[in-house]
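Trainee: I am new to this structure and would be grateful for a close look at one part of it, the site of the ligand. Please take me through what surrounds it.

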Amino acid sequence: MDARDGLLFEDVPVHQIAQTIGTPCWITGAGTLRRRAADLKAAFTARKLPMSFHFAMKAQDHQATLRILKDCGYGVDIVSGGEMTRALTAGIAPEAIVFSGVGKSDDELRAAITARIGQINVESAEELYRLAALADAMPNRDNFRMRVTLRVNPDVDAQTHDKITTGRADDKFGIAYDQALALYAEAQGFSSLRVIGLAVHLGSQMLAAEPFRKGYQRLADMVRTLRGQGHPVETVDCGGGLGISYRDEIAPAPDMLAGVIAETLGDLDVALGLEPGRWLAAPTGLFVTTIIETKAGNPERGTPDFLIVDGGMNDLARPSMYDSWHGILPISPTATHSPLKPWHVVGPVCESSDVFARNRPLPANLKRGDMLAFLDAGAYGSVMSSTYNSRPFAAQAMVDNGRWAPTRKRQTLEELIAAETLPDWL
Ligand SMILES: *Cc1c(COP(=O)(O)O)cnc(C)c1O
């Protein structure tokens with residue numbers, strides 16, 4: 001906070017950006033991102049772990065974000081052909097791209113082979129056979145063998161929100177532990193693929209060490225078993241999932257993860273990979289809104305007054321989708337002069353789940369026209385936006401230690417409608 005300028009983000013007054021590009025808008029902190037990218041790497045370097053880093057770009061896929069992380073020595077973990085094109089467009093080297101995801105289409109797999117990306121994490125026996133057949137059928141492969149890992153489902157509960165756990169037997173992700181061993185052996189015979197190791201991703205927003213330890217321990221056991229059977233294992237991809245503190249959770253430092261990986265996989269002499277998404281990106285993002293209306297609640301029934309803001313669940317979906325909590329800060333300095341009172345903070349979308357916060361203590365003097373910033377919105381924020389209720393995609397900007405620039409124009413209504421065509425019988 002600055003006495004006159006209100007809330008600052010990397011030394012830039014947030015109101016200045018919001019007044020220039022309008023609200024709702026997203027602001028990404030480049031300096032914050034660089035710092036986190038370096039801190040994460042340092043935790044693994046300190047333990048001398050041979051780790052390569054692939055940012056899970058589904059968390060935040062803006063070209064500027066990818067460019068910054070590329071300059072920090074990061075590759076990307078992609079989950080679609082669209083993300084591959086985005087990554088290549090941002091200048092990420094093909095070898096630095098890892099392709100994960102449970103449903104890769106023929107076209108996506110062919111495009112990955114054509115681009116000669118670094119690695120495909122295969123999620124089922126069916127996908128492995130299909131990938132091998134597609135690669136075999138491709139002309140001009142010049143003996144290129146796609147590097148493949150098998151993504152194992154270790155049947156570990158990540159102890160996180162039900163909708164973001166991925167490593168239980170009943171989840172759709174990965175290959176069952178027992179099946180993976182047989183498949184690994186079989187796949188060594190495929191001439192178009194080079195099966196180089198194992199991958200795992202347990203879930204997201206994980207705060208405890210134990211599920212990581214269990215999952216990685218199972219992978220370490222598998223590596224030893226496979227080697228015992230005479231199969232080469234060069235790499236283990238540890239996935240992502242490291243959580244952050246959105247509210248008052250005790251969030252682990254990256255050193256916790258580095259420690260667990262050192263303990264479970266550190267002496268196996270394998271190249272290690274990490275696919276962090278949320279941990280890197282979430283704290284780098286603000287979502288900024290303007291209060292459209294303050295609406296009286298019903299004190300007799302215990303309903304506080306409402307703050308209706310101009311951003312909705314179509315922009316920031318996490319609260320409606322995962323019941324997630326985001327810090328909310330007023331950006332005007334006058335808000336700090338006021339006592340607090342509880343408010344319901346809601347969006348304008350015609351859904352009762354379009355609620356950002358209930359009974360949130362915020363300044364009692366908030367009024368129409370004041371702006372509110374939602375914190376930690378940099379991961380799974382703008383990327384999850386939709387245009388529900390014909391609400392255009394919001395504008396974006398980037399701050400970088402004192403300077404700022406717009407990074408995406410607000411979608412116009414013309415653009416929003418332009419792709420629609422009328423049947424000729426209308
Ligand atoms: C989503 C995802 C990640 C990133 O998860 P975070 O919780 O954001 O770190 C990494 N790997 C895979 C395969 C994923 O699907």
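Mentor: What follows describes the ligand, its contacts and the pocket around it. Please bear in mind that this is a predicted model.

Let us begin with the residues around the ligand. There are 14 of them, and those that come nearest are K58, S204, E275, R278 and Y380. By character, this shell divides into three nonpolar, six polar and five charged residues.

Several backbone atoms face oxygen atoms of the ligand. A polar backbone atom of R278 is 2.7 Å from one ligand oxygen atom. For G241, a backbone N or O atom lies 2.8 Å from an oxygen atom of the ligand, and for G277 the corresponding distance from a backbone N or O atom to a ligand oxygen atom is 2.9 Å. Of the 380 Å² of accessible area that the ligand has on its own, the protein covers 94%.

We may now turn to the surrounding space. The ligand takes up the space of the largest pocket, which holds about 690 Å³. This pocket is lined by 40 residues, of which K58, V79, F173, H201 and Y380 are the closest to its centre. K58 and Y380 are thus named both among the residues nearest the ligand and among those closest to the pocket centre. Two elements, α10 (278-281) and α11 (318-322), give two or more residues each to the lining. The lining as a whole divides into 15 nonpolar, twelve polar and 13 charged residues.

Conventions:
Residues numbered from 1 in each chain as written. Predicted model: local features only at pLDDT ≥ 70, side-chain atom pairs only at ≥ 80, totals over all residues. Heavy atoms only, no water. Near = heavy atom within 4 Å. Polar contact = N/O pair within 3.5 Å; in protein donor to acceptor, adjacent residues only side chain to side chain. Areas by Shrake-Rupley, 256 points an atom, 1.4 Å probe, with all protein chains shown as cover. 1 Å grid on protein atoms, 1.4 Å probe; cavity = no way out; pocket = protein on both sides within 12 Å on 5 of 7 lines; lining within 4 Å. Sits in = over half its atoms within 2 Å of the grid points. Nonpolar A, V, L, I, M, F, W, Y, C, P; charged D, E, K, R; others polar. Points joined across faces, edges and corners; volume = space filled by probe spheres on them. Helix = DSSP H or I, 4+ residues; strand = E, 2+ residues; numbered from the N terminus.
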